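Hi everyone, thanks for coming. I'd like to walk you through a structure that may be new to you, so settle in and have a look at the screen.

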Amino acid sequence: MRDVAVIGVGLTKFGELWDKSFRQLIAEAGSKAILDAKIEGKDIDALYVGSMSSGRFVDQEHIGALVAEVSGFSHLHIPATRVEGACASGSLAIREGYLSIASGINDVVVVGGIEKMNDVGGSEATDILAAASDQEWEAFFGATFPGIYAMIATRHMHEYGTTKEQLAQVAVKNHANGVNNPYAQYQSPISLESVMRATMVAYPLGLMDCSPVSDGAASVVLCAAEKAKKYTDKPIKIIGSGQASDTLALHGRRDICTLDATIHAAKMAYKQANLTPKDIDFAEVHDCFTIAEICAIEDLGFIEKGKGGTAIDNKITTMDGSLPVNTSGGLKAKGHPVGATGVAQIVELTMQLRNEAGKRQVKDAKIGLAHNVGGSGATCVVHIMEAM
Amino acid sequence: MEELGIVSYGAHIPRYRIKAEVIAKVWGKDGDAISRGLGIFEKSVPSVDQDTATIAVEAIRHALKRCTINPQEIGAIYVGSESHPYAVKPTGTIVGEAIGATPDLMVADYEFACKAGTAAIQTCFGFVKAGMIKYGVAIGADTSQAAPGDALEYSASAGGAAFIIGKTNVIATINHTLSYTTDTPDFWRRAEMKYPSHGGRFTGEPAYFKHIMNCANNLMTTACTKPQDYTYAIFHQPNGKFPVNVAKKLGFTMDQVKQGLMVPYIGNTYSGASMIGLASVLDVAKPGDRIFMTSYGSGAGSDGFDMTVTENIKRLARQKAPSVAELVADKEYVDYGVYSKMTNLLFLE
């Protein structure tokens with residue numbers, strides 16, 4: 001297997017982008033990444049794009065070829081493939097691109113992730129997202145993701161004494177980080193009190209425990225590591241890539257407070273990188289709801305199971321803590337255009353490892369981890385990256 | 001400069017009110033949080049025998065009480081509403097007959113969501129300016145609808161205001177008026193649908209804020225004015241937050257806005273909203289005061305008005321009709337059951 005590096009990144013602002021179309025967003029992120037990598041169309045061997053539900057959000061399927069077209073590459077007839085795995089679609093696209101280079105088939109691959117979610121109303125967006133749960137056993141009976149994650153949260157509270165205040169502190173921390181991310185949907189701090197008092201969505205998750213409905217796109221250019229220096233002085237190597245699956249429905253799991261898919265994907269990535277959780281300097285984790293970040297830091301092995309809430313209290317995961325988590329603002333503050341999220345996490349890792357993250361730069365960042373989840377944990381992808 | 005503008009005005013607000021917390025309780029919501037979020041504490045409720053026509057008639061009768069105009073000198077009546085009692089058959093003819101202005105009269109009903117009434121002011125302004133009529137009546141009135149449980153239920157209310165436009169004894173000259181209009185589907189009600197639909201958060205930045213900001217800035221450019229030049233500023237008020245935010249963004253202060261901000265205690269009277277705000281300002285205005293108003297109608301557009309109060313306002317018998325403050329204060333609370341009956345949520349017809 002060949003080593004693979006990121007040689008270019010591109011991001012649109014995340015938010016309610018009423019005046020930008022689906023194709024404008026993907027073209028903006030893609031062209032930024034291509035310019036950043038200083039490559040040309042003829043250099044590109046393949047395109048992969050992650051999107052969860054472009055068909056239901058903007059009535060557009062068949063977006064692999066569309067991405068090639070809006071990038072101005074139709075005449076080059078580049079192989080273009082769309083990848084879907086709910087909210088993990090973006091990192092699945094990264095992994096497909098990664099595998100195609102590692103295998104020796106491709107040298108340079110552009111990966112995109114996109115979702116434009118605001119063109120439908122809030123309740124329809126909730127319904128569309130619920131299609132990533134088990135339709136027969138969950139969505140059909142009215143379960144939505146806030147409700148499903150609320151069940152995880154109440155069980156976590158029951159088992160381990162996690163408090164609503166600890167959940168709220170996750171949102172406060174991620175908003176504090178989002179302040180320093182010019183691409184974030186929310187660039188303003190929020191108070192603990194406002195999170196605690198926010199409109200209840202599904203106990204214990206209030207409105208501010210939930211990531212927003214967002215529009216946005218992200219893109220990275222992957223390259224065989226041996227050729228990366230040809231394009232950039234600062235290639236960032238993917239040293240571990242793991243993926244795992246689990247039951248779609250929450251009730252099928254061994255333990256509803258543990259995402260076994262995270263444990264298995266992380267194990268695969270750590271093994272490949274020959275690292276342990278202690279070696280990770282910072283991480284982007286999938287905080288679609290505040291409880292999800294607490295589960296993630298436990299299941300990734302950073303914190304003992306059940307101690308995630310205490311870790312938040314002890315400020316281990318703040319910018320100044322021993323393991324900064326979600327320096328970008330996470331899904332909560334940066335925004336969560338579902339198909340773009342996994343790619344945007346790789347963009348954040350790359351910017352941190354290039355030492356280009358500005359005010360949110362993690363000091364001496366050497367090794368970063370990205371963790372992207374589909375549904376309530378049926379799909380998980382973990383990547384570990386290091387500066388070359 | 002020729003004086004052309006508002007000659008008299010009147011408002012009407014149904015006296016029944018329901019508190020936001022009462023509605024919230026029915027739906028299992030936190031009334032305090034909703035009131036804080038929307039900036040609305042209670043809203044007016046039309047009685048079973050009140051509709052847009054009766055509200056329009058009450059408002060213009062109040063306007064006529066304040067002046068000495070012979071209704072036969074009124075050459076046009078335009079009624080703006082999104083809740084005309086009939087789908088086909090005008091509200092304006094009912095108003096014309098009720099005040100004795102028929103039959104030598106131009107009449108039409110207008111609809112442009114919440115700004116149909118200010119569009120009527122512009123029409124009357126044009127006719128008077130052209131010399132085609134002596135007086136024109138522009139009315140904005142609504143008994144707005146909201147589906148039970150919808151976010152709009154906390155705001156959709158009833159009320160209206162009427163303005164007589166002419167060149168004689170003008171109390172406030174209309175110095176400039178213009179509009180900013182695009183096709184933006186943020187809020188709509190299709191034919192034969194009982195309740196409106198809306199685009200949720202899309203009704204904010206790309207709809208309300210974009211149109212009002214552009215209209216307001218274009219108006220100040222045309223009039224060569226700045227926010228500080230105005231004594232009062234009135235903005236369309238679908239809730240208590242939007243008008244305050246847009247005022248801040250444009251550089252107006254709360255001191256300029258508060259006299260025309262009625263929504264916290266009567267809700268959103270739709271076509272009546274900015275016009276009741278203007279009536280409230282005229283209740284207290286003094287000669288020389290300059291008034292800025294931008295309405296907003298979903299769909300979408302904003303009408304802007306730059307006005308100056310004249311010496312004539314001292315001679316207008318303002319006290320002969322109830323002020324907006326008096327109409328707001330004259331109230332009786334109803335519970336959700338009575339509210340359901342009055343707004344026909346029970347489909348009794």
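I'll talk about a pair of helices in one chain, and then about two domains in another. Please keep in mind that this is a predicted model.

Let's begin with chain A. Two packed helices are described by the angle between their axes and the distance between the axes. So, at what angle do helix α1 and helix α3 of chain A pack? The angle is about 65°, and the axes are 9 Å apart. To find them on your screen, look for residues 22-37 for α1(A) and residues 63-70 for α3(A). Their crossing is right-handed.

Who makes the contact? From α1(A) we have Arg23(A), Ile26(A), Ala27(A) and Gly30(A), and they meet Leu66(A), Val67(A) and Val70(A) of α3(A). Sorted by class, that contact has five nonpolar residues, one polar and one charged.

Now over to chain B, which is divided into two domains. Domain 1 takes in 5-171 plus 316-340, while domain 2 covers 172-312. The C-alpha centres of these two domains of chain B lie 16 Å apart.

How many residues are in contact across the two domains of chain B? On the domain 1 side there are 49, and on the domain 2 side 46. Several elements of chain B supply at least two residues each to the domain 1 side, among them β1 (5-12), β6 (135-143) and α11 (324-329). The element that gives the most is α5(B), with six residues. By class, this side of domain 1 of chain B has 26 nonpolar, 17 polar and six charged residues.

That's my tour, and I'm happy to take questions!

Note on methods
Residues numbered from 1 in each chain as written. Chains lettered and ligands numbered in written order. Predicted model: local features only at pLDDT ≥ 70, side-chain atom pairs only at ≥ 80, totals over all residues. Axes fitted to C-alpha atoms, helices over the stretch in contact; angles between N-to-C directions. Helix = DSSP H or I, 4+ residues; strand = E, 2+ residues; numbered from the N terminus. Left-handed = near helix turned anticlockwise from the far one by under 90°. Contact = placed C-beta atoms within 7 Å. Nonpolar A, V, L, I, M, F, W, Y, C, P; charged D, E, K, R; others polar. Domains from an automatic or database assignment.
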